[in-house]
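Visitor: I am new to reading structures. Could you walk me through this one, feature by feature?

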Amino acid sequence: MNTIDHHWQRFTLKQKLSRYAVYLVLIIAFFQSIKSVEVIPEFLLDAPEQMADMFARMWPIDFAYYPVAVHDAMIETLNIATLGTLITLIFAIPLALMNASNIVNSAWCHWISRFFLVSSRSVNSLVWALLFVSIFGPGVIAGVLAIAFRSIGFVGKLLGEAIEEVNMGSIEALKATGASWLSILLKGYWPQVLPAFFSIVLFRWDINVRESAVLGLVGAGGIGVVLDDSMNLFQWDRVAMSLLAIFAIVIVAEIVVVNIRKRLI
Amino acid sequence: MAGINSSQNRENPFKQNWFVTATWLIVICYVVYSFQAMGLSWERFNDGLGHASNLLGRMVPPNFSRWSLLLSGLIESLEIAIISSIFGIFISLFLGLVAARNLMPTWVSTPVRMLIALCRTFHPVIIAILFVKSVGFGALAGILTLIVASVGFIAKLFAEAIEEISLKQVEAIRATGAGFTSIILFSVMPQVFSRFIGFSTYQLDSNLRNSTMVGIVGAGGLGGTLFSAFQRFDYDFVAAILIIIIALIMFGEFLSNIVRRIFR
């Protein structure tokens, strides 16, 4: 049993004031936004009706459409997610190494890597997809690269943090034997970050499966293309089929990730 | 004890793990196969590089001349993010409490957990499409989308945080004869409040990011401006919008750091 050594004390006046200031700013921002945002009240009022109408059109689901177009698109979506996650590693691992202060000890390197990581995360995968579609044309390549570039920031940041948390004892031991830089990395750091590495990659893959399902909306391949086409043609029963397929694949991905993680870690 | 017998410990400390090697082989085979399926030829790649330099060249002096359009989109994005975060956090505060298995009977928590999981399954853009189709173009669809996204994220994490609390304080408060509300307020909330603030600031941050994107499918905000600029090939304006989005997100990160420090 751990002993209770927590020292209770009241908030100081400054702490209290700053907390209330945060609440106040939030409330002011909220009411200001409510007042100025352009919401058409009629739309809000008949929203439930419209939604019921939409779901009524979706029923019955057009299962016959699955072998026609949905199946291939789903495989393509999975390919985009997996390949994107793998390509991310090419960029994310060097950036993570550069970002970890116990490997590279230079402020310049940290700034450069942080710049790349932050800008990768700031630009949404759909925006990345737009960029790559205008470079490579519509298709799977744009999707894969969009997923890859979006994931760099996430994987690099978390991996860098995992590297910073390793126990330096075994690394010093390796250094003392005169091991080379590469073998220190492979035999000292790698075994320690291995569980974190796999859990980060699996987690990102899970997210990417969700994200790759929407890339088709801007023309970057996958199930999104099918979804977009059938929506533009108002074939809501086919839309429902695509949504059901996405739902299924997301659930399957989650189950796979949970099981692999249990085995590995 | 006659010194260390070195000939006995010749075993390689770093053994070859055949299972891991096989896994890597499968991964490599998969990569080769999917590269083939992607149909990426050297020609296309080369073409792409040409397009990329062209694109970058047209982006490079970012064009801020239509700043009023930019500003109105930015403000709409901010408004969407703030409103949806506040509603979303408020809703998930209650849903999280109800979904915690150690506070509620199973027949209450299981359906709520399923609802939360359902909110999380679909990507915000898909939810945005559905809302755009049902409530029309504009900020309302964006707000509803991000509320759903926030519930899916915070309510889940919040419920998990509640499940990790120590029940001793709950029992102590219960022993005084306190009612249900007091138990929640004085024994559960103090233990999870700081984590809840952490989740909320994170969600505010990610709502800010997502609010710049839901516009691509017509749900209001800067994304709509970005998408139409893309379709009109106004790449210099696109660059300006991207710069503004990155600046907005960095500002949001800065703000959430301050809030987190205050509530620590």
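Visitor: Which residues in helix 4 of chain B meet which residues in helix 6 of chain B?

Guide: To read a helix contact, list the residues on each side. This is a predicted model. From helix 4 of chain B come B:Arg113, B:Ile116, B:Cys119 and B:Arg120. From helix 6 of chain B come B:Val148, B:Val151, B:Gly152, B:Ala155, B:Lys156, B:Ala159 and B:Glu163. By class, this contact of helix 4 with helix 6 of chain B has six nonpolar, one polar and four charged residues.

Visitor: At what angle do the axes of helix 4 and helix 6 of chain B cross?

Guide: Look at the angle and the distance together. Helix 4 spans residues 106-121 of chain B, and helix 6 spans residues 139-163. Their axes cross at roughly 135° and come within 7 Å. That makes helix 4 of chain B oblique to helix 6 of chain B, because angles over 145 degrees would be needed for roughly antiparallel. The crossing of these two helices of chain B is left-handed.

Visitor: What about a pair in chain A? How far apart are the axes of helix 4 and helix 11 of chain A?

Guide: The axes lie 11 Å apart. Helix 4 covers residues 65-99 of chain A, helix 11 covers residues 236-264, and they pack at about 40°. So helix 4 of chain A is oblique to helix 11 of chain A. Here helix 4 of chain A passes helix 11 of chain A in a right-handed crossing.

Visitor: Which residues meet where helix 4 and helix 11 of chain A touch?

Guide: Take each side in turn. Helix 4 of chain A brings A:Tyr65, A:Tyr66, A:Val70, A:Met74 and A:Leu78. Helix 11 of chain A brings A:Arg238, A:Met241, A:Ser242, A:Ala245, A:Ile246 and A:Ile249. The contact of helix 4 with helix 11 of chain A divides into nine nonpolar residues, one polar and one charged.

Visitor: Now a contact between the chains. At what angle do helix 1 of chain A and helix 3 of chain B pack?

Guide: Read it just as you would inside one chain. Helix 1 of chain A (residues 13-36) and helix 3 of chain B (residues 67-99) pack at about 120°, with axes 9 Å apart. These two helices are therefore oblique to each other. The crossing of helix 1 of chain A and helix 3 of chain B is left-handed. On the chain A side are A:Leu26, A:Ala29, A:Phe30, A:Ser33, A:Ile34 and A:Ser36. On the chain B side are B:Glu79, B:Ile82, B:Ile83, B:Ile86 and B:Phe87. The contact of helix 1 of chain A with helix 3 of chain B has eight nonpolar, two polar and one charged residue.

Visitor: Next, the backbone. Which residues does a cis peptide bond join?

Guide: Start with the usual case. Most peptide bonds are trans, and most residues other than glycine have a negative phi. In chain A, a cis peptide bond joins A:Trp59 and A:Pro60, with omega about 0°. A:Pro60 sits in the loop between helix 3 (47-58) and helix 4 of chain A. A:Phe234 is not a glycine, yet it has a positive phi of about 60°. A:Phe234 is in the loop between helix 10 (223-232) and helix 11 of chain A.

Visitor: Records add labels too. Which residues of chain A does the UniProt annotation "domain: ABC transmembrane type-1" cover?

Guide: Check a label against the coordinates. The unreviewed UniProt entry puts this domain at residues 74-257 of chain A. That stretch of chain A is 83% helix and 0% strand, with end C-alpha atoms 18 Å apart. For chain B, the unreviewed entry gives the domain as residues 74-256. Residues 74-256 of chain B are 83% helix and 0% strand, and the end C-alpha atoms are 18 Å apart.

Visitor: How far apart are the end C-alpha atoms of residues 125-149 of chain A?

Guide: They lie 8 Å apart, and the span is 88% helix. The UniProt annotation, from an unreviewed entry, includes residues 125-149 of chain A among its transmembrane regions. Another of those regions is residues 212-227 of chain A. Residues 212-227 of chain A are 38% helix, with end C-alpha atoms 12 Å apart. In chain B, the unreviewed entry's transmembrane regions include residues 18-36. Residues 18-36 of chain B are 100% helix, and their end C-alpha atoms are 27 Å apart.

Visitor: Where in chain A is confidence lowest, and where is it highest?

Guide: Look at the mean for each element. Confidence in chain A is lowest in helix 2 (residues 41-45), at a mean of 74, and highest in helix 7 (residues 140-164), at 90. Chain A averages a pLDDT of 85, and chain B averages 83. For the complex, the predictor gives an ipTM of 0.77 and a pTM of 0.80.

Note on methods
Residues are numbered from 1 along each chain as its sequence is written. Chains are lettered from A and ligands numbered from 1 in the order in which they are written. This is a predicted model: local features need pLDDT of at least 70, side-chain atom pairs count only at pLDDT 80 or more; totals for chains, interfaces and linings use all residues. Side-chain values use heavy atoms; hydrogens and water are left out. Axes are lines fitted to C-alpha atoms, for helices over the stretch in contact, and angles run from 0 to 180 degrees between N-to-C directions. Helices (H or I, at least four residues) and strands (E, at least two) are DSSP runs, numbered from the N terminus. Angles under 35 degrees count as roughly parallel, over 145 as roughly antiparallel, 65 to 115 as roughly perpendicular and the rest as oblique. A crossing is left-handed if the near helix is turned anticlockwise from the far one by less than a right angle, and right-handed if clockwise. Contact means heavy atoms within 4.5 Å. Ala, Val, Leu, Ile, Met, Phe, Trp, Tyr, Cys and Pro count as nonpolar, Asp, Glu, Lys and Arg as charged, and the others, Gly among them, as polar. UniProt positions are given in the numbering used here, feature names are shortened, and annotations may be inferred rather than shown by experiment. pLDDT is the predictor's confidence in each residue, from 0 to 100.
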